[in-house]
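Student: I'm new to this one and would like to learn how to read it. Can you walk me through a few features?

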Amino acid sequence: MAKPDHHYGPGARSGYMLHLILSGKGTFISNGQVYHLQAGNMFYCQPGVLVNMIADHTDPWTTMWIRFTGDYVTLLMDTVALVDDSPVFTVTQAPIVKDEMENILKMSRLEHTQDLHYASQLISLITALRATFNHKTSINANPKKILILKATQYIRNNYDTPITITDVVTYLGIDRTYLFRIFKTYLQISPKVYLTNTRLRAAKEMLIKSDTSIKFIALSCGYTSYVHFSKAFRKHVGVAPSQFKNVHSNSSSKHNY
């Protein structure tokens, strides 16, 4: 619970934020627009937009909130019709958004939760937002951003098979150079690096949490041979897969009482 009259702002957040008022009251000001809110209201802060948050004097609010940021997040949020001139809604309007927020907060309390789990849950949250506030996709979507979304989704859905960037451009029906250019513009990395990062994130999680052989992990992450997997892992992570597994397995065991 916030203290009476507790005040934040005016200030602009660097990432996206979602707030849910669990109890009490407060005032949210965004771009000069004043909203008097109570339990059951939700509000959205867009990066770079000036906001004020003020807890009520007699019945200060209790809120739960999450913050998320990143280049890929920006691409996804650009397809959601939540904007700074209409940032307030209710749990009744968006029950699945509330559920996904609670899932992320529950996950944050668990020990040894991996980044890939958080990423998966965050995508579920944004999917819920897009399902609830979905008209922006057809009105304002940037065609280049739509291509990025399709490309990254294709990679995430198929990284466990031996796909290459040639498969990605064939799926999209575009030129390889064009795909490279828009990846560098919007994600600051090449499609090949994105594919490698996706595979190695999954591999690291499996190395930490699974007793499966490293050779099987390599195949499960789309590598056709252990040699290619080990070479890529050493280059990007800095150690061999076996070393990574030993260090992190030992670290995890120390926390299992």
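Student: Let's start with the open sheet: in what order do its four strands come?

Tutor: Keep in mind that this is a predicted model. To read a sheet, list its strands by who sits beside whom. Here the order is β7-β2-β5-β8, and the pairing is antiparallel.

Student: Which strands stand at the edges?

Tutor: Look for strands with a single partner. In this sheet those are β7 and β8 (88–90), so each has one side left without a neighbour in the sheet. From one strand to the next, the twist averages 20°.

Student: What packs on the sheet?

Tutor: Helix α2, residues 95–108, does, and it touches β2, β5 and β7. The direction of α2 makes about 80° with that of β7.

Student: Over how many bridges do β2 and β5 pair?

Tutor: Four bridges, in the antiparallel sense, between β2 (residues 16–23) and β5 (residues 41–45). For a spot to look at, find Met 17: Cys 45 in β5 stands opposite.

Student: Now a single residue. Is Thr 62 buried or exposed?

Tutor: Check its relative accessibility against the cut-off: under 20% is buried. Thr 62 counts as buried because its value is 18%. Thr 62 belongs to strand β7, which covers residues 62–68. Leaving out residues up to four places away in sequence, Thr 62 touches Met 1, Leu 20, Ile 21, Leu 22 and Ser 23.

Student: And how does Gln 33 come out, with a relative accessible area of 44%?

Tutor: The in-between class runs from the buried cut-off up to 50%. At 44%, Gln 33 is therefore partly exposed. You'll find Gln 33 in strand β4, residues 33–38.

Student: How far apart are Gln 33 and Leu 129 in space?

Tutor: For that, go from C-alpha to C-alpha. The two are 22 Å apart in space, and 96 residues apart in sequence.

Student: Last one: at what angle do α5 and α6 pack?

Tutor: With a helix pair, read the angle and the axis distance together. Helix α5 (residues 143–158) and helix α6 (residues 165–172) pack at about 130°, their axes 10 Å apart. That angle makes α5 oblique to α6. The crossing of α5 past α6 is right-handed.

Student: Which residues make the contact?

Tutor: From α5 come Leu 147, Lys 150, Ala 151, Tyr 154 and Ile 155, and from α6 come Asp 167, Val 168, Tyr 171 and Leu 172. Sorted by class, the contact of α5 with α6 has seven nonpolar, two charged and no polar residues.

Technical notes:
Residues are numbered from 1 along each chain as its sequence is written. This is a predicted model: local features need pLDDT of at least 70, side-chain atom pairs count only at pLDDT 80 or more; totals for chains, interfaces and linings use all residues. Side-chain values use heavy atoms; hydrogens and water are left out. Axes are lines fitted to C-alpha atoms, for helices over the stretch in contact, and angles run from 0 to 180 degrees between N-to-C directions. Helices (H or I, at least four residues) and strands (E, at least two) are DSSP runs, numbered from the N terminus. Angles under 35 degrees count as roughly parallel, over 145 as roughly antiparallel, 65 to 115 as roughly perpendicular and the rest as oblique. A crossing is left-handed if the near helix is turned anticlockwise from the far one by less than a right angle, and right-handed if clockwise. Contact means heavy atoms within 4.5 Å. Ala, Val, Leu, Ile, Met, Phe, Trp, Tyr, Cys and Pro count as nonpolar, Asp, Glu, Lys and Arg as charged, and the others, Gly among them, as polar. Buried means under 20% relative accessible area, exposed over 50%, partly exposed in between (1.4 Å probe, protein chains only). Two strands pair if DSSP finds at least two bridges between them.
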